[in-house]
Amino acid sequence: MIWMESRVEQRTNPQILWDDAQSVIMLGMSYAPASDPFLLEDYKSNGRISVYARGKDYHDIVKKALKRLARWIVDESGEQVKVFVDTAPVMEKALAANSGIGWRGKHSNIVSKSHGNWMFLGAIYTSAKLDQSTPLRDHCGSCSACAQICPTNALDTPYTLDARACISWMTIENKGPIALQYREAIGNHIYGCDDCLAICPWNKFADSAATHKAFLPRAELEAPELGDLLRLNDAEFRTIFSGSPIKRTGRDKIIRNALIAAGNSGDIKLIPPIIDLLDDANDIVRGAAIWALKMLDEGRYEVEKAQRYADETHKNVRDEWDAICPTLNA
């Protein structure tokens with residue numbers, strides 16, 4: 001059973017994205033997890049993947065549902081429509097808050113009184129003039145659970161996210177080395193982070209039974225072993241993550257993330273694949289492997305440095321060997 005809720009915001013500036021748009025229908029679809037998102041927190045040799053990325057790609061699922069609704073709107077009204085699911089510069093959160101689906105929580109995400117904050121958002125722009133929905137008032141109150149649990153203090157200012165300190169940004173969007181100051185705080189997060197979402201008390205109203213079956217986690221993505229991830233080549237990566245939003249992030253960044261998690265794991269069994277990655281073709285991967293090796297075995301790190309440093313030509317990698325690691329994300 002899909003939960004989908006829609007609200008309407010009238011366009012105050014129809015020139016944005018589409019000249020003929022008069023109203024925006026905002027929709028939310030629940031992906032509330034059936035299991036505890038914190039379950040793997042203490043299993044350091046396994047990677048933690050954000051709940052939304054453990055199943056099929058939400059872009060495809062949500063867009064398919066929106067298109068069905070859009071076709072119905074066209075058939076019933078004759079009006080024009082355009083559908084957006086995180087595929088254009090649409091301010092989904094602001095539109096969702098203005099349309100009354102939920103309010104903007106202190107973690108900057110939309111929170112619903114009846115469904116918590118596990119929601120995918122989508123928008124249907126239409127040429128129809130629809131009545132404006134009523135925004136909800138803020139119900140966060142004095143709660144600061146999301147800010148308190150954030151491993152990197154990215155939510156120090158309520159309602160404002162410091163993107164460069166956010167683990168989701170660092171592990172998904174960031175193309176360079178992960179800043180040294182955040183590496184240990186990342187723990188075993190290898191793709192995204194749900195901590196601020198998972199701790200929200202409004203989730204007690206979220207019904208995981210309403211989740212679309214396509215969002216249910218694939219077995220290989222629930223608790224992937226870091227050792228297996230560290231051994232993936234590009235072809236194997238593409239096969240395993242086919243149909244997942246993780247595939248777009250690419251093998252090199254996922255290996256980088258897995259290496260940071262390996263360095264935090266304390267698991268010396270991960271040292272052999274880490275050493276293999278010291279010779280990886282990608283400089284970001286090589287640099288992360290250096291850090292992971294030093295975290296697990298400083299003696300072996302010194303041995304490998306003596307053998308490899310002189311032949312390394314990339315400045316970022318030489319800086320990792322010199323422990324002059326980046327403190328700000330590139």
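Ile290, Leu293, Lys294 and Leu296 in helix H12 meet Glu298, Arg300, Tyr301 and Glu304 in helix H13. Sorted by class, this contact has four nonpolar residues, four charged ones and no polar ones. Helix H12 covers residues 283–296, and helix H13 covers residues 298–308. Their axes come within 5 Å and cross at roughly 140°. Angles over 145 degrees would count as roughly antiparallel, so H12 and H13 are oblique to each other.

This is a predicted model, so a word on confidence. The chain has a mean pLDDT of 90, and 91% of its residues reach 70 or more. Over residues 1–5, however, the pLDDT is below 50. That stretch still has 25 contacts in the model beyond near neighbours in sequence. Residues 12–16 also stay under 50. For residues 12–16 the model has four contacts beyond four places in sequence.

Now the cysteines. How many disulfides does the count come to? Zero. Why is there no bond at cysteine 150? The closest cysteine sulfur to that of cysteine 150 is in cysteine 193, at 6.7 Å, which is too far for a bond. For a disulfide, the two sulfur atoms have to be within 2.5 Å. The sulfur of cysteine 193, in turn, has its closest cysteine sulfur in cysteine 196, 6.5 Å away, and that is also too far for a bond.

Are cysteine 150 and cysteine 193 buried or exposed? Cysteine 150 is buried, with a relative accessible area of 13%. Cysteine 193 is buried as well, at 14%.

Methods:
Residues are numbered from 1 along each chain as its sequence is written. This is a predicted model: local features need pLDDT of at least 70, side-chain atom pairs count only at pLDDT 80 or more; totals for chains, interfaces and linings use all residues. Side-chain values use heavy atoms; hydrogens and water are left out. Buried means under 20% relative accessible area, exposed over 50%, partly exposed in between (1.4 Å probe, protein chains only). Axes are lines fitted to C-alpha atoms, for helices over the stretch in contact, and angles run from 0 to 180 degrees between N-to-C directions. Helices (H or I, at least four residues) and strands (E, at least two) are DSSP runs, numbered from the N terminus. Angles under 35 degrees count as roughly parallel, over 145 as roughly antiparallel, 65 to 115 as roughly perpendicular and the rest as oblique. Contact means heavy atoms within 4.5 Å. Ala, Val, Leu, Ile, Met, Phe, Trp, Tyr, Cys and Pro count as nonpolar, Asp, Glu, Lys and Arg as charged, and the others, Gly among them, as polar. pLDDT is the predictor's confidence in each residue, from 0 to 100.
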